[in-house]
Amino acid sequence: MNPEVIAPRVDSRQAKLAGRAAEQIIADVIELGWPVGQVLGSESELLARYGVSRAVLREAIRLVEHQRVARMRRGTGGGLVIDEPDVDAVIGPAVIYLLRVEATLDEIFDTRIVLEELVAEVASQRVGEAGIAAIRETLDRESAGTISNFRLLHIQLAELTANPILELFVETFTRVANFHFNDAAALPESFDREVGRAHDSIAKAIMTNNAGLARERMRRHLRAEADFISRQPATVQHLDPAVALAGTLGDKRGEALARQIFTEIVKSGAEPGSFVGSEATLMSKHRASRAVVREATRILEYHQIAVTRRGPGGGLFVTEPDISALVDIIVIYLRRRGVTPAHLGELRTGLELAVVERAAARLRAGEHDAGAVEHALRAETEEGMALAFGHGNDFHSVLAGLTGNRALQLVHSVTMRVGWQFFTEVAADDPQVAAFSEGLAAKVGPAHEGIADALLAGDTELAVMRMRAHMAATGP
Ligand SMILES: [Zn+2]
Ligand SMILES: [Zn+2]
């Protein structure tokens, strides 16, 4: 039999064109102000508008359907209807990524501390009467013992910031933390009392607009919780795919099969490049039709879990984990939620300071050599900022990698990508901004060098100080 018939057909050129068409569709939806329910166009209208073949358009539509940007409605008055991406559209793919890179509970908690200190600070500056009422009600229910979810308050505090980036990541990481430990019944009563007291004192600091105190209390509370939870016998440092993947990827047959194959990949610890199976063997092994196996394959490829190779000996192979598809999904969701440069500004400095502190600690501990930092500086001078960033070789992304915290790195990548989008959109419309940023670019190189010098000399305080000055000079 012709191997082309056995191996699923993946035309990489078509996949690339489809990706580009999907990006255009998303850009158009954002441009229109994301009117949920509106028909973007019929298939023939979209074919004309995007100038692609029917096969490419259908592939692009599957992508935007998966990202919940839009979905195809058949029949009269049908067409591509603009959809509403919700937080589940983000959390599922985030869990898949964290599973693949084997992120630990320590990394999740460390990232929560960084984010929720910022929440405490921003909420202190922004809390209004409506917000106070909701927080008080939760505190009352906690002290009366009628609330079982001690993470609710954290999510409400994040909502007080009205910052979609903080809201999304607090919700994501509190849910992920639940997958590592979800045996609230096993917790002693003293734990509940302590949590209640800590929540009271954090809320008090926020409601009296004391940002510094709120941050301090939030940090102490989460550190104590992290210590306590890590010591519980039911706690796992690494996610169990059977627990974490329940409900992700959907429940259709192809989705269920994708989940099953992914679970097997995680459990077997299969290295990138390992062979998963040919279409025929997957069909017989899982007693699935060709259509179901193809649907599962498409999902695994979409999440950059596996890739199809054609030809003799072809089939499905495990790929290297890659953050970019997940960052795309998150950025799309944040654009829908109306993220602005001001929202980004609320996170940028705090995040970069947390990154430089952690990178410095790992460099000092000898867990990394200086090579990566020097390589980033060289890439920025030789390739230019835009290309270095495109390749993930820019100074800030490299520092985020040095933290060794994949959850923190995810937040950082998202802020970098959102920032880059805002910048290119504004610079394209306004020559003054473009000129200003060119002047700024000349200062960025020396600033990065200064931070790198301090880092490599083992002077964390100086590195942090220089990063703070650099952020202040390049803010939105
Ligand atoms: Zn708490
Ligand atoms: Zn910089």
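**View 1. Contacts of Met-471 in helix 23.** Met-471 touches Arg-348, Thr-349, Glu-352 and His-396, with residues up to four places away in sequence left out. Contact means heavy atoms within 4.5 Å. This is a predicted model: local features need pLDDT of at least 70, side-chain atom pairs count only at pLDDT 80 or more, and totals for chains, interfaces and linings use all residues. Residues are numbered from 1 along each chain as its sequence is written, chains are lettered from A and ligands numbered from 1 in the order in which they are written, and side-chain values use heavy atoms, with hydrogens and water left out. Met-471 sits in helix 23, residues 460-474. Helices (H or I, at least four residues) and strands (E, at least two) are DSSP runs, numbered from the N terminus. Met-471 counts as buried because its relative accessibility is 5%. Buried means under 20% relative accessible area, exposed over 50%, and partly exposed in between (1.4 Å probe, protein chains only). Now pick out Ser-201, which is 270 residues from Met-471 along the chain. The C-alpha atoms of these two residues are separated by 31 Å.

**View 2. The zinc ion of ligand 2 and its histidines.** Three histidines supply the protein donors: His-396, His-448 and His-470. Each gives its NE2 atom, and the donors lie 2.0 Å from the zinc ion. Donors are N, O and S atoms within 2.8 Å of the metal (3.2 Å for Na, K and Ca); water is not among the atoms, so sites may look incomplete. Along the chain, the donors follow the spacing H-x51-H-x21-H. His-448 belongs to helix 22 (residues 431-456) and His-470 to helix 23, so this pair, 22 residues apart, links distant parts of the chain. His-448 is buried because its relative accessibility is 2%. His-470 has a relative accessible area of 7%, so this residue is buried too. His-396 also appears among the contacts of Met-471.

**View 3. The zinc ion of ligand 1.** Here the protein donors come from His-154, His-199 and His-221. The NE2 atoms of these residues lie 2.0 Å from the zinc ion. In sequence the spacing reads H-x44-H-x21-H. His-154 in helix 8 (residues 152-160) and His-221 in helix 11 (residues 211-230) are 67 residues apart, and the pair links distant parts of the chain. Both His-154 and His-221 are buried.

**View 4. Thr-403 in a loop between two helices.** Find the loop that joins helix 20 (395-402) to helix 21 (406-429); Thr-403 is found there. Is Thr-403 buried or exposed? Thr-403 is buried, because its relative accessible area is 8%. The Thr-403 side chain reaches the backbone nitrogen of Asn-405 at 3.1 Å. Thr-403 touches Val-355, Arg-358, Ala-359, Arg-362 and Leu-408, not counting residues up to four places away in sequence.

**View 5. An open sheet of strands 4, 6 and 5.** The 3 strands stand in the order 4-6-5, with antiparallel pairing. Two strands pair if DSSP finds at least two bridges between them. Strand 4 (275-277) and strand 5 (306-309) are at the edges; each has a single partner strand, so one side of each lacks a neighbour in the sheet. Neighbouring strands are turned by 35° against each other on average, direction ignored. Axes are lines fitted to C-alpha atoms, for helices over the stretch in contact, and angles run from 0 to 180 degrees between N-to-C directions. Helix 15 (residues 290-302) lies across strand 5 and strand 6, at about 120° to strand 5.

**View 6. The hairpin of strand 5 and strand 6.** Strand 5 and strand 6 (residues 315-318) run antiparallel, joined by 4 bridges. Val-307 stands opposite Phe-317, and Thr-308 has Leu-316 as its bridge partner. Which side chains of strand 5 are buried? Ala-306 and Thr-308 are buried and point to one face, whereas Val-307 and Arg-309 point to the other and are not buried. There are 5 residues between the strands, and Gly-311 takes a positive phi near 85°.

**View 7. Strands 1, 2 and 3.** Strand 1 (residues 39-41) and strand 3 (residues 79-82) run antiparallel, with 2 bridges between them. Val-39 stands opposite Val-81. Strand 2 (residues 70-73) also pairs with strand 3 in the antiparallel sense, over 4 bridges. Met-72 has Leu-80 in strand 3 as its bridge partner. Strand 2 and strand 3 form a hairpin with 5 residues between them, and Gly-75 in the turn has a positive phi of about 85°.

Key: Polar contact = N/O pair within 3.5 Å; in protein donor to acceptor, adjacent residues only side chain to side chain.
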